[in-house]
Every structure is written in structure tokens, then in C-alpha cells.
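Here is a friendly walk through one protein model, told through its helices, its sheet and its charged pairs. Please keep the structure open beside the text as you read.

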Amino acid sequence: MYYKTVEEDIELREGGKDGYSREPLLPSMPTQRTFDYVLVAHKVEDDTDQRAQKQRAFIKQLEKKKIVVTQIVQDKVFYGLRAPSEIFEDYIYLLKVSDSCNWSGDDRGSITQATRIRIVNFIIHHTFINTGENLKELLMKDVFETGFCLHERTEQKKLKRKWARWSGLFTGQPFNEIKYYFGEKVALYYLWLGWYTKLLVPAAALGVVVFLYGLAFFNTNPLIKEVCQSNITMCPRCDKRCTVWQLSDTCTYAKVSHLFDNEGTVAFAMFMAIWATLFLELWKRTRARHVSMWKVYDWCEEEEELILEIVNDPHCQPKQFRHSYFRSTLVLILVTLMLMLIIGLAHALVVFRVVAAPLLSEGKWDFIKDHANTVAVMLGAVLHYVTIQIMTRVNRWVSLKLCDIEKTNSSAATERSFTVKMFTFQFFTLFSSLFYVAFFLGRINGHPGNYVRIAGWRLEECHPSGCLTDLFIQMAIIMLLKQTLNNIFEYTVPWLKSCFNRNAAKKLQRKCGLCYRKACRDEKGRVEPCEICKLRDWMRNYHLANTDAFSLFNEFLEMVVQFSFTTIFVAAFPLAPLLALINNIFEIRLDAIKMVSLERRLVPRKTNDIGIWTKVLEAIGVLAVIANGLVIGVSSDFIPRLVYRYRYGPCANGSTHTHCMQGYINDTLSTAYLTHPAVRKDFLDDQMLIDNKINVTQCSYRDYRSNEDYTLTSQFWLVLAVRFAFVILFEHVVVVCKFIAAWFVPNNPIQVKNDRLHDKQERLKKELQEIKRRNSTDV
């Protein structure tokens with residue numbers, strides 16, 4: 001590692017000026033001559049076979065680029081690839097003369113193994129045989145079985161001891177070591193995930209307080225008492241099969257509703273909207289601090305790709321920027337069709353719930369019959385989760401095809417385009433059903449005598465205590481299933497595969513015999529390993545779970561979707577941050593163990609940001625303000641309760657002897673009389689029997705309608721006006737607070753700005769000294 005002065009070397013080892021404990025960012029490469037990449041192919045006995053010919057042609061093209069190829073044949077053919085030093089010298093020089101990458105760690109010290117892997121990976125994936133096929137196409141045609149980079153045993157053990165272990169759940173993460181081994185892109189993912197988890201602590205704590213606030217008035221709330229002690233008969237929930245029911249039968253449901261629909265949720269929703277902004281602004285500061293320390297603050301992925309193309313082929317031509325209105329229009333049309341398909345699936349889930357509720361109400365079990373609507377909501381949520389798992393694979397395939405149509409200029413641009421499309425599809429897949437429950441359930445179902453039906457089935461109604469509990473149930477089930485099952489499968493599948501392949505590897509290794517050469521067992525690797533040791537190491541990596549370009553993308557997507565759940569509908573589910581916090585504590589170690597021990601080494605990527613995900617998170621923050629404002633203003637009963645308290649309730653009429661909310665539930669209900677011909681047509685005689693004995697001639701339903709002509713009352717229009725006024729006020733206040741928070745917290749810490757200023761000054765001084773030294777030498 002190169003340091004500018006001895007004092008700086010001591011400072012970096014003992015702790016930087018800003019108080020951070022720093023380790024060398026570019027540890028010296030071991031003297032062991034490791035391999036940069038390994039290709040594996042099936043053993044083909046017939047030399048005239050087309051696969052064997054293409055294998056030889058590809059290897060010959062690599063050898064033309066001076067890559068040393070070591071071939072070992074067992075049950076499979078292993079090709080160990082090692083690039084010459086000239087390639088890395090060219091890379092360092094081009095970094096130095098580039099516009100954006102000229103002050104990175106790589107051009108001031110030894111080339112790390114991570115950088116070697118990144119360069120060689122680019123070269124072999126941009127090597128073509130005479131048929132025009134590259135490695136990706138050869139892998140698809142089974143010419144090669146797979147390719148991977150090797151884990152470094154010594155560094156792997158260090159990461160296992162410091163990071164990738166369950167006993168380190170509540171310990172810090174060694175970001176410098178992660179960066180050195182997996183590259184900046186992986187390090188920034190764990191840095192972001194760690195910061196997100198840390199910021200979830202205050203959000204989770206406040207969410208628990210809001211939940212406990214609702215729990216504290218569980219038994220004393222007058223609205224709950226009014227429901228539990230009511231003798232009101234409610235209209236049937238569905239056609240033909242459902243009968244009238246007593247409002248008091250839903251006492252438990254009313255209690256649960258109050259837990260997630262109370263005054264505290266308004267303040268919590270405002271807090272979470274501002275929290276999302278502060279989280280992003282503070283994350284930008286944290287990112288700036290680390291990328292500045294790693295010397296990649298101004299790094300440009302597109303420019304590095306140009307450098308790698310020149311290193312791979314000095315006579316290459318740059319990819320020209322292209323734009324086609326036809327391609328853009330085609331992509332836009334296909335995206336629209338895909339979104340229509342996803343929304344159509346959400347409608348199918350609505351139909352399922354509409355059909356399931358009446359069918360369940362005539363089942364054999366009394367519990368299911370009494371809670372048919374709630375059970376239908378839960379079954380709909382489970383079915384929604386299954387739909388999410390299926391559509392995730394469909395969305396990925398469609399996104400890749402759309403990116404192929406676009407023909408972007410660089411890999412970084414392709415990744416950005418794919419990320420936006422994939423997240424958009426996933427967002428609609430996950431949230432279409434939730435948006436229906438939040439904003440349409442119980443508002444478009446009509447009323448007795450004029451019900452809205454789909455294919456003859458009546459739409460669902462809201463409970464008299466509100467619709468927010470349905471949204472809570474939907475979110476809780478999807479979030480719990482998605483986080484729990486995903487984590488179980490993420491860990492157990494690679495672990496089981498590793499256990500199975502470990503046994504298979506032992507059988508293959510017995511054929512190699514035992515190696516007793518001490519030099520081959522030297523951990524410092526001062527001597528070239530023998531063929532036996534090479535093969536063992538290659539097979540050890542070969543039998544790990546496969547990784548690809550989507551491995552890290554999947555982790556990001558999972559966490560950003562969780563961030564969406566945590567912020568967008570948090571007003572309906574204050575415990576969402578707590579569930580996210582608990583999940584993330586385990587997620588960090590699970591991903592670490594999986595990445596270090598159970599999977600092949602990811603190809604390291606150098607970057608200075610989490611990329612387009614920052615823009616996605618900002619968009620989610622804006623959407624969270626809109627959605628939470630609408631949830632509180634439109635979905636919850638906060639506004640109707642507020643209007644009743646100050647306009648129609650006992651306190652508004654001057655009464656001081658009763659609670660201000662006394663009579664609220666009855667005020668939100670309207671009455672339907674069987675004497676009306678349209679109402680009589682909707683309800684059969686059998687439906688109007690209580691306990692199969694008492695016949696009723698009227699029933700109540702949730703709405704603000706006249707009992708005579710069923711028109712909307714003036715109270716409905718007043719409540720609607722106050723709802724819209726609240727949404728506008730809420731969103732404007734929160735948006736102003738977000739802007740103030742964003743302005744108040746600068747993106748870059750002052751220390752980072754000063755460090756970069758000193759670094760630039762030192763670099764310019766060194767360049768000047770170098771020029772003077774050259775001029776004096778020439779003279």
C-alpha cells in the first residue's frame with residue numbers, strides 16, 4: 001500500500017483525522033500466483049464435436065490476448081485463466097489520464113485481486129470466436145458449463161470471523177474489508193442496508209408507541225363500547241347466502257380497528273414522511289464520507305467501461321449513442337400493456353375476494369361463517385403473495401427483453417434501464433391490490449337497492465369501524481410471508497446445495513490423491529501451487545451456489561420493496577418499521593454468510609453510489625407523502641370522527657354530560673327498509689331472519705344517505721370536503737417539511753469537502769514536481 005507520508009501511514013492505522021478507524025484501502029497483493037478466473041466445460045471425447053472446436057477456438061482467442069490458460073482434465077475440463085501484468089499496467093495508465101477515474105485507489109498502488117477479476121471478467125465476456133459468439137452465447141449453447149472467480153481462502157476466513165457469522169448480529173460491519181474483497185458496489189449495498197437498519201430504530205420505537213397508545217384505550221374507548229353494546233341489525237353482506245347480522249358480533253374487529261386507526265397514526269404518518277427524507281439525506285452524507293475515503297468520489301462507470309474496452313482491444317470503436325423514436329414508442333406500448341396485465345391480475349384478486357366471502361359464509365365451520373369477510377381478505381393476501389412470486393419471474397424476463405429492444409450504450413445504462421422497469425413492474429404487482437383496499441374498497445359498492453356487481457357478485461363493503469383493518473391485514477400477511485419465506489429460501493437453498501455438493505466434491509477429490517508438499521499448503525502462497533491443489537480449490541468453488549449479475553440486484557430490490565411497505569402505507573400499519581428492523585438485523589448476516597460461504601464469489605464492481613436506486617428511493621418518499629395523506633384523509637375514519645366531534649356530536653350541540661363521540665357509530669349508519677321495492681329486490685326473505693327465527697323489516701348499512709329516498713346527505717358532502725382539505729393541507733405541510741429537512745442536511749460533510757480539496761491540491765503538486773523532475777532530467 002502506498003501512503004503519502006509516514007505520519008499519514010500512522011494516522012490511517014491508528015485512526016483518521018475525522019475519528020474513523022481506518023485500515024489500508026489497498027492491501028498489498030499476496031505473492032501467491034492465484035488465478036483470475038476459471039472456466040468449466042463438459043468433457044468431450046470427440047475432437048470433431050462442434051462444442052470441442054468452439055472451446056478450443058475461444059481458448060485460442062484468450063491466448064492471443066496473452067492470457068495464460070492452465071487446463072486440468074478430470075470428469076470435467078477446468079481452464080484456469082491468469083492475465084499478464086501488461087494488461088493491468090495499461091489499465092492503471094488509462095485511469096491516470098481519464099477525466100473521472102484519475103484519482104482512484106487503483107492508480108496509486110498495487111492492483112488488488114478484486115480489480116484483476118473485474119478486468120479479466122470484462123475481457124473474457126468481450127472475446128468473440130470466428131462465428132461471432134461470445135462467452136454468454138457459448139454458455140447458453142453448453143459449449144462451456146459455467147465460469148467463476150475464485151474465493152481467496154485467507155481473506156474469506158477473515159470475513160467469516162469478522163462479519164459472516166450469526167454471533168455477530170449486533171456488531172459493526174467491516175466495510176473496508178468488504179470493499180477490498182467484493183468491490184465497492186457490494187460494500188455500498190451493505191453500507192446502505194446497515195444505515196437503513198440503524199435509522200429504522202427510531203421509526204420502529206415510535207410505531208410501537210402509537211400501537212401502545214391505541215392499546216391503552218382498548219377497553220375504555222366509547223366507539224368500541226358503542227359497537228360491542230349495540231343492538232343494531234346490519235344488512236346482509238352478500239346476495240342470497242348471507243343473512244342480517246348484529247353489529248355487536250364484530251366487537252373484536254372494532255377493537256383491532258382502533259389499534260391501527262387512531263389519532264396517533266396521523267402524527268406517525270407525518271413523521272415517517274419526514275423520516276424518509278432525512279434517511280436519504282443522511283445516507284448521502286454517509287455515502288460521500290466512505291466513497292471519498294475509498295478515493296472513488298468522482299468515479300464514472302461508463303468511463304471505466306471505455307477504459308476496459310481499450311484494454312481488451314486497442315483498436316475498438318466506441319459504442320455510438322443512439323435514439324430511435326420507433327424503439328421508444330414500442331417500449332412505451334409494451335410497458336403499458338404489461339402494467340395493464342398486472343392491474344388486471346389485481347382485479348382478479350378483487351373478484352376472488354368478492355366470490356370467496358359469500359361462499360365462506362355458508363361453510364360448515366361457525367368461526368369461518370362468522371368471519372367470512374376477514375377470512376376472504378386473508379386468503380386474498382396469501383393468493384396475492386403467490387401471484388407476486390410468479391410475476392417476479394415474468395417481470396424480470398419482460399424487463400430484459402425491453403432492454404434488448406432499447407439497445408443502450410453501456411452496461412451501466414442497461415442496468416439503470418432494467419432497474420427502473422423491473423421496479424415499476426414489481427411495484428404495481430405488489431401494490432395494485434393494496435391501493436384497491438386502501439382507496440376503493442367499500443366506496444364503490446353502492447347501497448341497498450342499487451348495489452354494484454361484478455359478474456353478478458356484489459362488491460365488498462367496509463366494516464362499520466372502517467376499512468383500515470383490511471389494509472392492515474393485507475399488508476401484514478404479505479410483509480410477513482415475503483420477508484420470512486424469502487429469507488428461509490434464500491439461506492436454505494444454497495446451504496442444502498452446498499451440503500450436497502460438498503459430498504460430491506469429496507468423491508471427486510479422492511481421485512486426485514493427497515498432496516503432502518508443504519509449499520502447496522503454504523497460506524502465504526509463496527510458491528506456485530501444484531495441480532492437485534489447484535484442482536481442489538477450483539472444485540471447492542465450482543460446487544458453491546451460482547451467482548450472476550442479478551445476485552446483488554435481487555438483494556437491493558427486496559430491500560427497496562420493503563422500504564416501500566415501511567413508508568407508503570405506514571398509517572395503516574405502524575408496526576411495519578419494527579418488522580423491517582427485526583428482518584434487517586438478520587438479513588445483513590444472512591446475506592453475508594450466503595455471499596462469503598455458500599455462493600461463488602461475486603465479480604467485484606467499482607462504483608461510487610447505489611446508482612438509480614437513489615432516485616427510486618426519492619420517488620418512494622414523494623409517493624409516501626401522497627399515499628399516507630390519502631390513507632388518513634380518505635381511508636381512515638379520522639376525518640369523519642373529527643367532523644362529528646365538532647359539528648354533529650354531543651359536544652357540538654352544547655352537551656357536557658356525555659362523551660363527545662357518543663353516538664358516532666349510529667351517525668355513520670343509514671337504514672334500508674324492505675318496504676322500498678328496490679331494497680326488497682336485493683334481499684330475500686330468508687336473508688332477513690335473525691337466528692332463523694325473527695324476521696326484520698329494516699337493516700342498517702354504512703353510508704351517509706337519506707332513509708326516504710337514499711340520496712346522499714349534506715353530512716356526506718361536508719365530510720368529503722373536509723377529507724379533500726385535509727389531504728391538501730397534509731401534503732403541503734409535509735412537503736414543506738421535507739424540503740426544509742433536505743436543505744438543512746447538506747449532502748456532503750464539511751470534512752469530506754476539505755479532504756477532497758487537500759487531495760486535489762496534493763495531486764496537482766505532485767504532477768508539477770513530476771514535470772519539473774522530467775524537465776531537469778532532459779536538460
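## A pair of packed helices

Helix α6 (residues 153-162) packs with helix α7 (residues 175-182) at an angle of about 150°, and their axes lie 11 Å apart. Please bear in mind that this is a predicted model. The crossing of α6 past α7 is left-handed. On the α6 side, the contact is made by Glu155, Gln156, Leu159 and Lys162. On the α7 side, Glu177, Ile178, Tyr180, Tyr181 and Phe182 take part. Sorted by character, the residues of this contact come out as 5 nonpolar, 1 polar and 3 charged.

## The sheet and its helix

Next, let us turn to the strands. The model has an open sheet of 4 strands in the order β2-β3-β1-β4, with antiparallel pairing. The edges are formed by β2 (68-73) and β4 (146-148), each of which pairs on one side only. From one strand to the next, the twist averages 20°.

Inside the sheet, β1 (residues 37-42) pairs with β3 (residues 76-82) in the antiparallel sense, over 6 bridges. If you would like a place to find this pairing on screen, look for Ala41, whose bridge partner in β3 is Val77. Helix α2 (residues 50-64) packs on the sheet, where it touches β1, β2 and β3. The direction of α2 makes about 165° with that of β1.

## Salt bridges within and between elements

There are 30 salt bridges in the structure, and three of them are visited here. Glu281 pairs with Lys284, with 3.6 Å between the closest N and O atoms. Both residues belong to helix α11 (residues 263-293), where they sit 3 residues apart, about one turn of the helix. Is this pair buried or exposed? Glu281 counts as buried because its relative accessibility is 9%, under the 20% cut-off. Lys284 also counts as buried, at 17%.

A second salt bridge joins Glu301 to Arg605, with the closest N and O atoms 2.8 Å apart. This pair links distant parts of the chain, 304 residues apart: Glu301 is in helix α12 (residues 301-312), while Arg605 is in the loop between α20 (576-598) and α21 (613-635). Arg605 is partly exposed, with a relative accessible area of 30%.

The third salt bridge is formed by the side chains of Glu406 and Lys421, at 3.0 Å from N to O. Here helix α15 (residues 372-406) contributes Glu406 and helix α16 (residues 411-439) contributes Lys421, 15 residues apart. Glu406 is partly exposed, with a relative accessible area of 27%, whereas Lys421 counts as buried at 11%. Through shared partners, salt bridges also join Lys185, Glu301, Glu415 and Arg605 into one network.

## Two lysines with positive phi

Which backbone angle stands out at Lys66? Its phi is near 65°, a positive value in a residue other than glycine. Lys66 is found in the loop between α2 and β2. With a relative accessibility of 59%, Lys66 counts as exposed, because that value is over 50%.

Lys407 has a positive phi too, of about 55°, although it is not a glycine. This residue lies in the loop between α15 and α16. Lys407 is partly exposed, with a relative accessible area of 39%.

Notes
Residues are numbered from 1 along each chain as its sequence is written. This is a predicted model: local features need pLDDT of at least 70, side-chain atom pairs count only at pLDDT 80 or more; totals for chains, interfaces and linings use all residues. Side-chain values use heavy atoms; hydrogens and water are left out. Two strands pair if DSSP finds at least two bridges between them. Axes are lines fitted to C-alpha atoms, for helices over the stretch in contact, and angles run from 0 to 180 degrees between N-to-C directions. Contact means heavy atoms within 4.5 Å. A crossing is left-handed if the near helix is turned anticlockwise from the far one by less than a right angle, and right-handed if clockwise. Ala, Val, Leu, Ile, Met, Phe, Trp, Tyr, Cys and Pro count as nonpolar, Asp, Glu, Lys and Arg as charged, and the others, Gly among them, as polar. A salt bridge is a side-chain nitrogen of Lys or Arg within 4 Å of a carboxyl oxygen of Asp or Glu. Buried means under 20% relative accessible area, exposed over 50%, partly exposed in between (1.4 Å probe, protein chains only).
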